[in-house]
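Colleague: Hello! I am new to reading protein models, and I would love a close look at the strands and the aromatic rings around them. Could you walk me through that part slowly?

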Amino acid sequence: QHAVVRRGENLGWNVYEGFEPFSNKYRKDGASYTPPVFAYRRKFGNSITGGYVYRGRKHPGLVGKYIFGDWSKSGDGGPDGTLLWAEPATDATAPWEWGELAVAGTANNRVGAYVRGLGEGEDGELYVLTSTEVGPSGTSGKVWKLVAGDASMSTS
């Protein structure tokens with residue numbers, strides 16, 4: 001069972017962050033909110049960088065999984081983004097299963113930069129947009145293609 005966002009749904013932004021309410025300032029009495037299907041606590045990372053359901057052919061183990069990133073896993077906000085996967089549990093009432101994708105060639109299996117976004121090619125293959133700078137300036141931006149390697153998936 002995959003979640004579908006429907007026109008007109010109130011996804012709760014600026015009242016909820018994930019499943020947790022964080023502001024009553026904009027709460028409207030009687031308003032109904034559509035909860036997320038997946039969230040993680042800040043002790044894991046800083047913020048989810050949206051992604052895509054993988055539909056490519058080069059990574060059969062990822063087909064059907066939602067591939068996304070976290071801006072930066074580092075507690076001090078340094079450039080330490082990570083790539084993740086998530087999918088609905090086989091039991092529709094259970095939380096989604098998720099974990100990290102190991103990035104080969106890095107000391108901690110993470111990206112080593114801020115994950116700014118993901119893109120999808122016409123062939124369904126995925127690209128990761130990164131930068132080592134916080135702001136929207138500078139010349140450190142890169143586009144990476146997700147390729148097969150000795151990467152592994154761990155479950156969280």
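Modeller: Here is a walk through the sheets, then the aromatic rings, then the cores and two residues in the segments outside the strands.

Please keep in mind that this is a predicted model. Let us start with a sheet of 4 strands, which is open and has the order β3-β4-β5-β6. Its strands pair in an antiparallel way. Which strands form its edges? They are β3, covering 48–53, and β6, covering 97–101, and each of them pairs on one side only. From one strand to the next, the twist averages 25 degrees. A general point may help here: strands of a sheet pair through backbone hydrogen bonds, and the pairing can be parallel or antiparallel. For β5 and β6, which run antiparallel, 5 bridges do the joining. You can find one partnership by eye if you look for A86, whose bridge partner in β6 is W98.

Now turn to the other open sheet, with 3 strands in the order β7-β8-β9 and antiparallel pairing. Here β7 and β9 (142–145) are at the edges with a single partner strand each, so one side of each has no neighbour in the sheet. Neighbouring strands are turned against each other by 25 degrees on average, with direction ignored. Between β8 and β9, which run antiparallel, there are 4 bridges. Look for L129 here, as it stands opposite V143 in β9.

Next come the rings. How many aromatic pairs does the structure hold? There are 7 of them. One is formed by F38 and W98, an edge-to-face pair with 5.4 Å centre to centre and 65 degrees between the planes. F38 belongs to the loop between β2 (20–21) and β3, while W98 is in strand β6, so this pair ties together parts that are 60 residues apart in sequence. Are these two residues buried or exposed? Both F38 and W98 are buried. Another pair, Y66 and F68, is stacked, at 5.3 Å centre to centre and 20 degrees between the planes. Its two members have their own surroundings: Y66 has a relative accessible area of 25% and is partly exposed, whereas F68, with 1%, is buried. Together with Y40, the residues F38, Y66, F68 and W98 form one aromatic cluster. There is also a charged neighbour to look for: K65 lies over the face of W85, at 5.6 Å from the ring centre.

What about the nonpolar cores? The largest one has 14 residues, and L62, I67, L83, L101 and V111 have the most contacts inside it. The elements giving two or more residues to this core are β5 (82–87), β7 (114–120) and β8 (126–131). A second core, separate from it, has 8 residues, including F44, F68, A86 and W96. So you meet two residues again here: F68 from the stacked pair and A86 from the bridge to W98.

Finally, look at two asparagines. N14 is in the segment before β1 (16–17), and its phi is near 70 degrees, a positive value in a residue other than glycine. N14 counts as partly exposed because its relative accessibility is 25%. N109 lies in the loop between β6 and β7, with a phi near 65 degrees, again positive in a residue other than glycine. Its relative accessibility is 40%, so N109 counts as partly exposed too.

Terms used
Residues are numbered from 1 along each chain as its sequence is written. This is a predicted model: local features need pLDDT of at least 70, side-chain atom pairs count only at pLDDT 80 or more; totals for chains, interfaces and linings use all residues. Side-chain values use heavy atoms; hydrogens and water are left out. A nonpolar core is a set of buried Ala, Val, Leu, Ile, Met, Phe, Trp, Tyr and Cys residues joined through side-chain atoms within 4.5 Å. Buried means under 20% relative accessible area, exposed over 50%, partly exposed in between (1.4 Å probe, protein chains only). Two strands pair if DSSP finds at least two bridges between them. Axes are lines fitted to C-alpha atoms, for helices over the stretch in contact, and angles run from 0 to 180 degrees between N-to-C directions. Rings of Phe, Tyr and Trp (its six-membered ring) pair if their centres lie within 6.5 Å; planes under 30 degrees apart count as stacked, over 60 as edge-to-face and the rest as tilted. A charge sits over a ring if NZ of Lys or CZ of Arg is within 6 Å of the ring centre and within 35 degrees of the ring normal.
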